Amino acid sequence: MLLPLLIVGLVSAQIHPGEVSHALESVSVAGTSVALRTSEGDEAVAEQVRRVLPRAMRLATRWGPLPVAVALTVHPTHAGLEAATRRTGNPWMRAWARVGAVDLQSPRTWSRGRASDEALTQILAHELTHCALFQATGRDGRAGRIPLWFQEGMASVAAGERHDVARAEAIGSPGPFLRTDPAVVYGTADRAFRELVDRFGEDGVRRVVARLGEGHAFPAAFHGALGVTLADFEGDLVGRLSALAVRD
Ligand SMILES: [Zn+2]
């Protein structure tokens with residue numbers, strides 16, 4: 001189903017001499033208001049974002065809506081993305097999500113110099129899924145102590161990503177892998193969340209999110225919604241991943 005995309009207004013402003021000029025436009029996609037901000041030189045990227053946004057939004061709202069407006073900013077450089085998100089030292093980072101914001105490094109400055117529609121849809125769907133979780137639970141995951149595998153797996157599965165690697169050690173302590181081998185973190189999260197959906201269905205995920213929204217801590221929300229403790233679910237998964245590693 002193609003969702004209606006409505007461009008409500010276009011405001012373009014030269015801020016100050018020496019600064020990059022920004023274009024700000026308000027776009028409404030499936031009931032969510034998106035304020036899209038792009039810089040001079042990224043006109044084609046802005047057009048591509050507008051084109052893929054309805055599909056990205058549909059993928060991202062699989063387990064919950066986006067009732068709060070989202071500011072989507074396309075930064076012309078990686079440094080710009082780092083400055084806006086205050087996340088430094090992650091050269092592989094291309095985007096970052098908060099409750100009402102997605103910051104994206106312009107695909108013009110990705111290593112390939114562009115993104116396919118598929119790749120752009122995927123990264124926007126991934127980040128907007130984070131926004132949907134944060135909006136539903138009233139907290140962002142870093143503050144809300146939602147395990148990284150749940151956050152990143154939810155975003156990865158919603159966006160239809162494919163990953164090759166999953167490691168047992170990355171379930172409980174993904175931190176050390178984040179800087180050295182982030183693919184392990186994302187691959188493990190993807191694997192864990194797929195198992196969650198396989199075992200408990202789409203409604204199981206919605207029940208966990210709903211209980212988080214009621215203010216329960218993650219382990220209580222998980223147990224209450226699914227009837228299985230978080231420790232048991234993670235333990236099963238660690239066991240299976242360890243067995244696979246031995247066989248390799
Ligand atoms: Zn993510």
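Trainee: Before we start on this one, what is a nonpolar core?

Mentor: A nonpolar core is a set of buried Ala, Val, Leu, Ile, Met, Phe, Trp, Tyr and Cys residues joined through C-beta atoms within 7 Å. Please keep in mind as we talk that this is a predicted model.

Trainee: OK, how many residues does the largest nonpolar core have here, and which ones have the most contacts inside it?

Mentor: The largest nonpolar core has 60 residues, and those with the most contacts inside it are L53, A56 and L128. Helix α8, which covers residues 182-213, supplies the largest share of this core with 11 residues. The core also draws at least three residues from each of domain 1 (1-139) and domain 2 (145-248).

Trainee: What does A56 touch?

Mentor: If you set aside residues up to four places away in sequence, A56 touches T121, L124, A125 and L128. You will recognise L128 from the residues with the most contacts inside the core.

Trainee: Let me step back a bit. How many helices and strands does the protein have?

Mentor: There are 10 helices and 6 strands in the protein, and of its 248 residues, 38% count as buried. If you look at contacts between residues at least 6 apart in sequence, 63% of them join residues at least 24 apart.

Trainee: Now the helices. How do people describe two that pack together?

Mentor: Two packed helices are described by the angle between their axes and the distance between the axes. Take helix α3 (residues 117-137) and helix α5 (residues 148-159), whose axes come within 8 Å and cross at roughly 135°. These two helices are therefore oblique to each other, and α3 passes α5 in a right-handed crossing.

Trainee: Which residues make that contact?

Mentor: On the α3 side the contact is made by Q122, A125, H126, T129, H130 and L133, and on the α5 side by Q151, M154, A155, S156, A158 and A159.

Trainee: And what about α3 with α8, at what angle do they pack?

Mentor: The angle between α3 and α8 is about 50°, with their axes 7 Å apart, and that makes α3 oblique to α8. The contact is made by L133, A136 and T137 of α3 together with V209, L212 and G213 of α8. Notice that L133 is listed here and also in the contact between α3 and α5.

Trainee: That leaves α5 and α8. Are they roughly parallel or roughly perpendicular to each other?

Mentor: The axes of α5 and α8 come within 7 Å and cross at roughly 80°, and the two helices are therefore roughly perpendicular to each other. Among the residues that make this contact are W149, F150, G153 and M154 of α5, and Y186, A189, F193 and V197 of α8.

Trainee: Can we zoom in on F193? Does it count as buried or exposed?

Mentor: F193, which lies in helix α8, counts as buried because it has 21 C-beta neighbours inside 10 Å, and 20 or more is what the term asks for. Leaving out residues up to four places away in sequence, F193 touches W149, F150, G153, M154, S156 and V157. The C-alpha atoms of F193 and E152 are separated by 8.5 Å, although these residues are 41 residues apart along the chain.

Trainee: Changing topic, where is G138, and is it buried or exposed?

Mentor: G138 sits in the loop between α3 and α4 (141-144), and G138 is exposed, with 12 other C-beta atoms within 10 Å. The C-alpha atoms of G138 and E214 are 9.2 Å from each other, and 76 residues separate the pair along the chain.

Trainee: Last thing, phi. What sign does it usually have?

Mentor: Most residues other than glycine have a negative phi. A30, however, has a positive phi near 50°, and A30 is found in the loop between β2 (22-29) and β3 (32-39). With 16 C-beta neighbours inside 10 Å, A30 counts as partly exposed.

Trainee: And what is the phi of R86?

Mentor: R86 has a positive phi of about 55° although it is not a glycine. You can find R86 in the loop between α2 and β5, where R86 is exposed, with 7 other C-beta atoms within 10 Å.

How values were computed: Residues numbered from 1 in each chain as written. Predicted model: local features only at pLDDT ≥ 70, side-chain atom pairs only at ≥ 80, totals over all residues. Helix = DSSP H or I, 4+ residues; strand = E, 2+ residues; numbered from the N terminus. Domains from an automatic or database assignment. Contact = placed C-beta atoms within 7 Å. Axes fitted to C-alpha atoms, helices over the stretch in contact; angles between N-to-C directions. Parallel < 35°, antiparallel > 145°, perpendicular 65-115°, else oblique. Left-handed = near helix turned anticlockwise from the far one by under 90°.
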